[in-house]
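Student: Could you walk me through how the chains are arranged here? I'd like the terms spelled out as we go.

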Amino acid sequence: MNFFEFMSYRMGDILRLALQHMQITGMAVLFAIIIGVPTGIAISRNAKTANIVIGIANIFQTLPSLALFGLIIPILGIGIVPSIFVLFLYALLPIIKNTHIGISNVDASVIEAGKGMGMKVSQILRIVELPLALPVIMGGIRISTVINIGTATIAALIGAGGLGDFIFRGISMADNNLILAGAIPTAILALSVDTILGLVEKSITPKGLK
Amino acid sequence: MIELKNISKSFNGQMKVVDDLSMTIEKGEFVVLIGESGCGKTTTMKMINRLIDPTGGKILIDGKDIRHMDPIALRRNIGYVIQKVGLLPHMTVGQNIELIPMLKEWDKQKRKERAEELLNLVGLPPAEYYGRYPNELSGGQQQRVGVARALAINPDIILMDEPFSALDPITREQLQKELLTLQDDLHKTIVFVTHDMDEALKLGDKIAVMKDGKILQYDTPEEILKNPKDEFVEYFVGKDRLWKTPELLYAKDIMSKKVITVSLKRSPAHAIEKMKEKGVNTLIVVDKEAQQVQKPLGVVTRRELSHAVTHDFTMQDLMNTKFETIDESMNMVDVLNFMTEKKLKNIFVIDEQKNLVGIITQSSILNVITEAVTDYEEA
Amino acid sequence: MYRFIKKAVCMTLIVALFSIFSTGCDQQEVIRIGHKNYTEQRIMGQMFALLIENNTNYKTDVKEFGGTLLVHEALKSKKIDLYGEFTGTAYAAILKQSGLTKSQEVYEYVKDEYKKQFDILWLEPLGYNNTYTFTLKKDLAEQLNIKTTSDLAQHAPNLKFGPTHEFMEREDGWLGAKKVYGLAFKEMKPLDPGLRYAAIKDDKVDVIDAYSTDGKLLAMDLAILEDDKQFFPPYYVAPIVHGNVAEKYPDVVELLNKLGSQVSEEEIRQVNYQVDEKGMPVKKAAEDFLRSKGLIK
């Protein structure tokens with residue numbers, strides 16, 4: 001069976017697994033945004049905590065996924081929950097880091113002017129810092145999402161399915177068709193998400209900054 | 001009126017940045033804080049809108065202690081202009097000016113009208129500039145918008161932190177001029193921080209020279225120039241400063257007070273003797289020599305006298321009554337123009353009571369200039 | 001600068017001479033052994049190496065590979081001289097065949113095909129059968145009175161299954177077994193081979209697949225279910241050697257054949273258990289085993 005025959009033969013499975021894959025990645029990145037963006041904002045007020053928090057997020061990034069899975073099985077079990085959790089940890093760093101950089105790099109004079117004119121801290125954040133940092137934050141979300149789509153293949157190791165299922169079956173069976181049936185849709189998914197988020201990033205860049 | 005009463009500021013218990021400083025800024029006054037970097041001038045200014053809170057003393061605005069005011073409300077009633085302008089780059093010129101009106105929930109129409117009015121005021125036609133983004137403007141244009149923004153809700157007080165320092169000299173001069181014109185119309189209370197003495201002299205009604213968190217001298221530009229309180233102020237003003245601003249040099253500053261007078265009744269021989277004795281060629285004829293206060297009546301020169309020694313004339317007969325006097329407060333530029341115009345070699349300086357106080361001759365002008373040049377070279 | 005170049009040239013010459021000299025030696029004396037990346041394979045690799053080093057003058061070089069495909073490719077392209085392979089893996093994964101279930105038939109088939117296709121020789125099987133088995137915790141098995149795979153099929157709709165990806169994909173694994181036994185689990189979540197033990201330990205899954213020789217079965221007190229319909233084909237494991245090597249080193253072939261039928265399923269499970277659960281170094285475990293069999297001194 002050649003690769004294309006194989007793909008069409010398994011198309012149903014591929015679509016099902018791709019959908020799972022997107023769900024897992026989407027949830028992980030969503031949680032990482034919900035936690036990471038406020039964290040990134042909070043730490044840009046204080047250089048010391050910034051180093052500590054980014055250091056911790058950095059460590060998350062280096063933890064081997066299998067070891068993490070092994071550790072959290074007793075707590076989170078198997079399936080979609082632990083895989084979202086682990087992918088969430090991996091997704092945090094780029095989002096926290098870019099938010100931190102985006103907020104910290106807002107021209108100090110703009111903030112001083114805002115403050116001096118009588119803008120509240122919350123107004124400065126909403127009207128000045130966030131809009132100016134948004135392209136950078138979005139860049140972080142984009143990097144995080146694209147990396148996560150690749151990394152999400154490990155979800156298959158803990159029973160959450162996704163395109164990694166095919167890849168791991170293929171590896172254990174020495175079956176290139178199977179590996180490619182997992183890898184190619186993963187790559188297509190990553191590239192198209194990258195393109196879409198790239199367009200989003202462009203569209204939210206304020207006109208005055210282009 | 002802004003009153004700073006014994007205010008001090010130290011950061012983290014370190015050395016005092018502002019040290020027991022007191023000053024009063026009258027309503028409608030343009031006050032410049034000047035000093036070298038680190039002298040506490042910016043800190044002092046920022047305490048007025050509570051960007052920084054003093055560690056000691058208090059600040060009153062129109063008699064009210066600002067500690068008890070909401071800092072946000074306080075700042076919204078004080079215009080704020082900074083060196084780097086700080087326009088929001090993602091908003092148009094119009095949106096930038098309307099920012100605080102918007103936060104104060106003015107209605108849209110009113111906001112826009114105000115922004116357009118202000119743009120006209122700072123010389124940026126709204127039709128062209130209202131919808132532009134800051135990065136499409138030159139530095140000077142950006143700062144015009146910065147000034148317009150500070151005026152948006154028509155505050156009584158405006159704080160300006162080195163607003164023109166980053167601009168090129170030509171633009172800077174132009175904006176300084178326009179600011180003065182603006183101030184003539186608006187009569188805001190302006191606190192202006194700079195390290196540039198030329199700018200301070202040009203703009204300030206009063207100048208506060210600061211060093212190490214203290215005010216060394218708080219005076220009008222003229223006083224600062226002419227009577228620097230101590231060596232630092234003198235050094236900071238620069239001895240050559242006067243010559244850079246000849247409009248601030250008056251007749252009384254360049255005249256010679258060595259006025260040799262002769263009484264109406266005196267003989268030519270006596271007058272010549274006096275000329276020899278004092279080493280002058282001109283005598284001023286007055287009523288009585290001995291008097292302290294005198295009004296000039298005429299002039300006699302050695303040449304005129306030399307023909308008349310043998311005759312029995314008195315000064316009254318010989319003096320030339322066609323002479324010019326100028327007021328002691330006439331500035332140097334006008335004095336020189338006047339002398340050139342009238343082709344005068346010398347000119348009398350009188351005070352408000354028309355009393356003679358001095359004489360300006362070509363040689364006296366030369367003396368003043370020589371002195372200045374020598375000082376300049378020594379410095 | 002000139003002196004530097006001279007120095008560099010000298011060094012290069014020395015290194016070049018040295019490497020020519022040393023590779024010349026290697027090709028004469030070193031037997032290159034491969035194995036896959038899990039315990040039983042590592043033990044096998046060390047067994048072969050120890051056997052050769054203790055009974056000949058050859059040196060050995062043991063290399064680990066990341067999976068079947070990689071080690072197979074290495075042998076095929078003569079990057080290594082030999083490794084231990086399962087007949088079932090060769091039959092299903094390499095030759096992509098299915099149908100045969102008798103272990104001897106499978107062995108004969110792969111032996112012929114390997115010779116024909118790759119010029120690789122299958123030597124004497126080590127003796128033990130390795131086969132798939134469904135397994136679950138002994139107390140659960142007792143509680144539900146599950147002894148055979150047919151018993152399991154009855155309870156499957158209430159049980160969670162955490163297989164490996166490989167098992168899911170294999171005709172001689174899940175794909176065949178579900179048909180033969182009519183298995184349908186409540187939930188099926190393919191897991192990493194290592195993680196599936198963690199999962200069953202914490203009762204996140206009830207049933208997993210396992211190799212019958214796996215030391216974990218002993219360590220975790222798991223029940224091995226009888227394959228009452230004889231579905232899972234029993235697989236031999238045997239050293240496989242490239243044709244060239246066999247020609248060049250007939251003594252090595254002879255030596256490896258001495259391992260034939262020396263290892264029982266129980267014994268290999270014990271050795272696996274010693275390494276995986278007791279932390280014994282692989283080499284020591286292999287050495288102890290060979291010594292106990294009198295194959296080395």
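Student: How far apart do the closest C-alpha atoms of chain B and chain C lie?

Tutor: This is a predicted model, in which local features need pLDDT of at least 70, side-chain atom pairs count only at pLDDT 80 or more, and totals for chains, interfaces and linings use all residues. Residues are numbered from 1 along each chain as its sequence is written, while chains are lettered from A and ligands numbered from 1 in the order in which they are written. Two residues are in contact if their C-beta atoms, placed from the backbone, lie within 7 Å. No contact joins chain B and chain C, and their closest C-alpha atoms are separated by 50 Å.

Student: Which chains have the most contacts between them?

Tutor: There are 2 pairs of chains that touch. On one side of the contact between chains A and C are 20 residues of chain A, and on the other 23 residues of chain C. The pair with the most contacts is chains A and C.

Student: Which element supplies the largest share of the side of chain A that touches chain C?

Tutor: Helices (H or I, at least four residues) and strands (E, at least two) are DSSP runs, numbered from the N terminus. Helix H4 (65–76) and helix H8 (164–173) of chain A each bring at least two residues to that side. The largest share, 6 residues, comes from H8(A).

Student: How many residues on that side of chain A are nonpolar, polar and charged?

Tutor: Ala, Val, Leu, Ile, Met, Phe, Trp, Tyr, Cys and Pro count as nonpolar, Asp, Glu, Lys and Arg as charged, and the others, Gly among them, as polar. On the side of chain A that touches chain C, the split is 13 nonpolar, 5 polar and 2 charged.

Student: Where do the buried residues of helix H13 of chain C sit around its axis?

Tutor: A residue is buried if 20 or more other C-beta atoms lie within 10 Å of its own, exposed if 12 or fewer, and partly exposed in between, with C-beta atoms placed from the backbone. In H13 (residues 250–257), the buried ones are C:Val252, C:Leu255 and C:Leu256. Their arc, taken from the directions from the helix axis to the C-beta atoms, covers only 95 degrees, so they lie on the same side of H13(C).

Student: Which exposed residues does the opposite face carry?

Tutor: What covers the buried residues of H13(C) includes strand S1 (30–35), helix H2 (39–55) and strand S11 (235–242) of chain C. The face turned away from the buried side carries C:Pro250, C:Glu254 and C:Asn257.
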